[in-house]
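Let's walk through this structure together, starting with how its helices pack and moving on to its charged pairs and its cysteines.

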Amino acid sequence: MTTSSMAWARRRDSVTRFWRQYRTRRAGLYGLGALALIALVALAAPLLVGEDVRSVTDAPGAALEPPSARFPLGTDQFGRSLLGLLLWGARVSLVVGLLAAALSVAIGTLVGIVAGHYGGWSAIVLMRVTDWFLVMPSLVLAIVLATVMSRSMWTVIVAIGVASWPTTARLVRAQTIAVESRPYIERAKALGGGHGHIMSRHVLPNVMPLVLSQTTLCISTAILTEATLAFLGLGDPTVVSWGGMLQDAREAGAVSSGHWWYLAPPGIAIAVVALSFTLCGRAIESVLNPKLGAGR
């Protein structure tokens, strides 16, 4: 058996063991099942409702119709089906949440590994920058960035990612320092391993479990932040998202006029997705770090 095949066999065994332990976390399974269903619906949205569901001029119903057999969730202020908008908005909300969380975790992981590996003045400078971002409310910083930049989906992704990386950086730095103190790191240095080799081949694989669990938790925060930015009118006006639906409901006076069907569906969808990612993140965290003693 070659070295490559042995490595792949070890990875398969690791994945199998992880899934065997993950299945014992009932809450994590519920969260994973809900996310799989929502992702499937989001992918199939063009087939289920079509792109014309976003059209204002060709809306099939009257404005603010209550739920009925024709429109199970009612209509918005333009007469569009809220069920269709909810399914289509899942695509944008999930994409923004995933990409923003990936950007946030990537920045935090890079800063944390570099600061933990090199130490000295570089670590001091990086950690002071991290502390500055940490004391700054992430939502306020995201609002500022979304305000000064052009209004688009990519602006929202960048704003959320840049504003929410410090916590990951702190966690990864602490884990990197712990990994750097292990004997095999000293052996790698003695054998001539450079900084890049040690960080990429030894430190990064050992901090990846922490990064994975942190990513799932960051996704729920990113989705909530995107909904908040859209609700404040700082999202992309050309796309349909759950936060944008809430903002449209507020502008239409749904709160004061009692049109609950305009507010409830996107709000419940945001809460369900955020809760599902949190359940998955906690389950992954408890599997990768059994000392946490998380309940099943």
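Before we look at the helices, a word on how their packing is described: axes are lines fitted to C-alpha atoms, for helices over the stretch in contact, and the angle between two N-to-C directions runs from 0 to 180 degrees. Please keep in mind that what you see is a predicted model.

A good place to begin is helix H10, which spans residues 195-231. H10 packs with H13 at an angle of about 170°, and the two axes lie 8 Å apart. That angle makes H10 roughly antiparallel to H13, since angles over 145 degrees count as roughly antiparallel. The crossing of H10 past H13 is left-handed. If you would like to trace the contact in the viewer, the H10 side includes Leu212, Leu217, Ile219, Ile223 and Leu224, and the H13 side includes Ile270, Val273, Phe277, Cys280 and Ile284. Smaller side chains take part too, among them Ser213, Ser220 and Ala227 of H10 and Ala274 and Gly281 of H13.

H10 has another neighbor to visit. Helix H9 (residues 183-190) packs with H10 at an angle of about 170°, with 11 Å between the axes. H9 and H10 are therefore roughly antiparallel to each other. Here the contact is formed by Tyr184, Ile185, Ala188 and Lys189 from H9, together with Ile198, His202 and Asn206 from H10.

Now return to H13 and find Ser276, which sits in this helix. Is Ser276 buried or exposed? Its relative accessible area is 5%, so Ser276 is buried. Setting aside residues up to four places away in sequence, Ser276 touches Gly31, Ala34 and Leu35.

H13, which covers residues 260-288, also holds a charged pair: Arg282 and Glu285 are three residues apart in this helix, so about one helical turn separates them. Their side chains meet in a salt bridge, with 3.1 Å from N to O. Arg282 counts as partly exposed because its relative accessibility is 48%, and Glu285 is partly exposed as well, with a relative accessible area of 21%.

How many salt bridges are there in the whole count? The count comes to five. One of them links Arg128 and Asp131, with an N to O distance of 2.8 Å. Both residues lie in helix H5 (residues 120-135), three residues apart, or about one turn of the helix. Arg128 is partly exposed, at 45% relative accessibility. Another salt bridge joins the side chains of Arg80 and Asp76, at 2.8 Å from N to O. Arg80 and Asp76 are both buried.

Let us finish with the cysteines. A disulfide is a covalent bond between the sulfur atoms of two cysteines. A search of the whole structure finds zero disulfides. Why does Cys218 form no such bond? The closest cysteine sulfur to that of Cys218 belongs to Cys280 and is 14 Å away, which is too far for a bond, because a disulfide needs the two sulfur atoms within 2.5 Å. Looking from the other end, Cys280 has its closest cysteine sulfur in Cys218, again at 14 Å and too far for a bond. Cys218 counts as buried at 11% relative accessibility, and Cys280 is buried with a relative accessible area of 5%. You have already met Cys280 among the H13 residues that make the contact with H10.

Definitions and conventions:
Residues are numbered from 1 along each chain as its sequence is written. This is a predicted model: local features need pLDDT of at least 70, side-chain atom pairs count only at pLDDT 80 or more; totals for chains, interfaces and linings use all residues. Side-chain values use heavy atoms; hydrogens and water are left out. Buried means under 20% relative accessible area, exposed over 50%, partly exposed in between (1.4 Å probe, protein chains only). A salt bridge is a side-chain nitrogen of Lys or Arg within 4 Å of a carboxyl oxygen of Asp or Glu. Helices (H or I, at least four residues) and strands (E, at least two) are DSSP runs, numbered from the N terminus. Angles under 35 degrees count as roughly parallel, over 145 as roughly antiparallel, 65 to 115 as roughly perpendicular and the rest as oblique. A crossing is left-handed if the near helix is turned anticlockwise from the far one by less than a right angle, and right-handed if clockwise. Contact means heavy atoms within 4.5 Å.
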